[in-house]
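Got your viewer open? Load the model, switch to a cartoon view, and follow along one selection at a time.

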Amino acid sequence: MPDTCYLAPSILSADFSRLGESIRQVEEAGADWIHVDVMDGHFVPNITLGPLIVRAVRQSTALPLDVHLMIENPERYLVDFAEAGADHLTVQWEACTHIHRVIQEIHHLGCKAGVAVNPGTPTEFLREILPDLDLVLVMTVNPGFAGQEFIRQSPEKIARARILVEEVNNAAIIEVDGGITAKTLPIAFEAGARAFVAGSSVYGHPQGAQAGLRVLRESLHQHV
Ligand code: DX5
Ligand code: ZN
């Protein structure tokens, strides 16, 4: 299992009227990746943003863009997101009939490939495709909205994902997304997560995003 940890602020909770500045803030505060949540109003009830905004984000930062596609038929849009500047393309397992082909296409486009699993989807379903995965994204809330509470069964699920990763592809990074705070981050870390997406706890911090990120980093340092 990789030792390096990654903090990935989610711009879903940023101020979109000053998006560039919101991204630069977290970059200065030591963010490792920028997480971009794409929602289509079908796979999830919410609608957020598309390749146009990803291109604008790309122009605002040199950090890897961790693009999370919560959309149906993601294969139709992979080229658009890759050309817009995505570095990681993560699709939802539940949205892909031909998941193996989708992963091949993501790699063919020169991006790292991730697959996200909803809270009700066992990570065991990733076994056959895991040799080809760079990221295993364990959803720790039901996708669709920021500001939800970390689902309490998540640590056991992350731990099962860790066993699977150690068995099949030790290079894959286990990422968690949803309800990550200074309280839940160390729990997810202990269970095996190494990449942490955080929206509300970064951009919703009363002292600002840089303080929010600092608090998360400190909660991690107490554990490494
Ligand atoms: C949820 C999104 C998350 C979201 C996390 O559907 O995939 O990335 O931005 O937000 P918080 O950290 O507020 O739970
Ligand atoms: Zn996300």
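Which residue stands opposite Ala-195 in β8? Select Tyr-6 and you have the partner.

Before going further, some housekeeping. This is a predicted model, where local features need pLDDT of at least 70, side-chain atom pairs count only at pLDDT 80 or more, and totals for chains, interfaces and linings use all residues. Residues are numbered from 1 along each chain as its sequence is written, chains are lettered from A and ligands numbered from 1 in the order in which they are written, and side-chain values use heavy atoms, with hydrogens and water left out.

**Stop 1: β8 and its neighbours**

Select residues 195-198, which make up strand β8. Strand names here refer to DSSP runs of E with at least two residues, helix names to runs of H or I with at least four, numbered from the N terminus. Ala-195 and Val-197 sit on one side of β8, Phe-196 and Ala-198 on the other, and all are buried. Buried means under 20% relative accessible area, exposed means over 50%, and partly exposed is in between (1.4 Å probe, protein chains only).

Now add residues 6-9: this is β1, which pairs with β8 in the parallel sense over four bridges. (Two strands pair if DSSP finds at least two bridges between them.) β7 also pairs with β8 in the parallel sense, over three bridges. Click Glu-175 to find another residue whose bridge partner in β8 is Ala-195.

To see how the chain gets from β7 to β8, show residues 184-191: this is helix α6, and the three elements make a right-handed β-α-β unit. Right-handed means that, with the strands pointing away from you, the path from the first strand over the helix to the second runs clockwise.

**Stop 2: β6**

Next, select residues 135-139. Five of the five residues of β6 are buried, so this strand is largely enclosed by the rest of the structure. In a regular strand the side chains alternate between the two faces of the sheet. Turn on side chains and you'll find Leu-135, Leu-137 and Met-139 pointing one way, with Val-136 and Val-138 pointing the other.

β6 pairs in the parallel sense with β5 (residues 112-117) over four bridges, and Val-115 stands opposite Val-136. With β7, the parallel pairing runs over five bridges, and here Val-138 stands opposite Val-176. The chain crosses from β6 to β7 through helix α5 (residues 154-168), again in a right-handed β-α-β crossover.

**Stop 3: β2**

Which way do the side chains of β2 point? Ile-34, Val-36 and Val-38 go one way and His-35, Asp-37 and Met-39 the other, and all are buried. Show residues 65-70 as well: this is β3, joined to β2 by six bridges, and the two run parallel. Val-38 stands opposite Leu-69 in β3. Helix α2 (residues 51-60) completes a right-handed β-α-β unit with these two strands.

**Stop 4: the zinc ion**

Center on ligand 2. Which residues coordinate the zinc ion? Look for His-35 (NE2), Asp-37 (OD), His-68 (ND1) and Asp-177 (OD), at 2.0 to 2.3 Å. Donors are N, O and S atoms within 2.8 Å of the metal (3.2 Å for Na, K and Ca); water is not among the atoms, so sites may look incomplete.

Why is the arrangement octahedral? The six donor atoms subtend angles of 68 to 168 degrees, which makes it so. Among the cut-offs, six donors count as octahedral if opposite donors are over 155 degrees apart and all others between 65 and 115; four count as square planar on those terms, or as tetrahedral if all angles lie between 85 and 135 degrees, and anything else is irregular.

Asp-37 in β2 and Asp-177 in β7 link distant parts of the chain, 140 residues apart. Asp-37 counts as buried at 6% relative accessibility, and Asp-177 does too at 8%.

**Stop 5: ligand 1**

Shift to ligand 1, which has 20 residues around it; Asp-37, Gly-144, Asp-177, Gly-199 and Ser-200 come nearest. (Near means that a heavy atom of the residue lies within 4 Å.) Now the polar contacts, which are pairs of N or O atoms within 3.5 Å; within protein, one must be able to donate a hydrogen and the other to accept it, and residues adjacent in sequence count only if both atoms are side-chain atoms. A polar side-chain atom of His-35 lies 3.4 Å from an oxygen atom of the ligand. Polar backbone atoms of Gly-147 and Gly-199 each lie 2.8 Å from a ligand oxygen.
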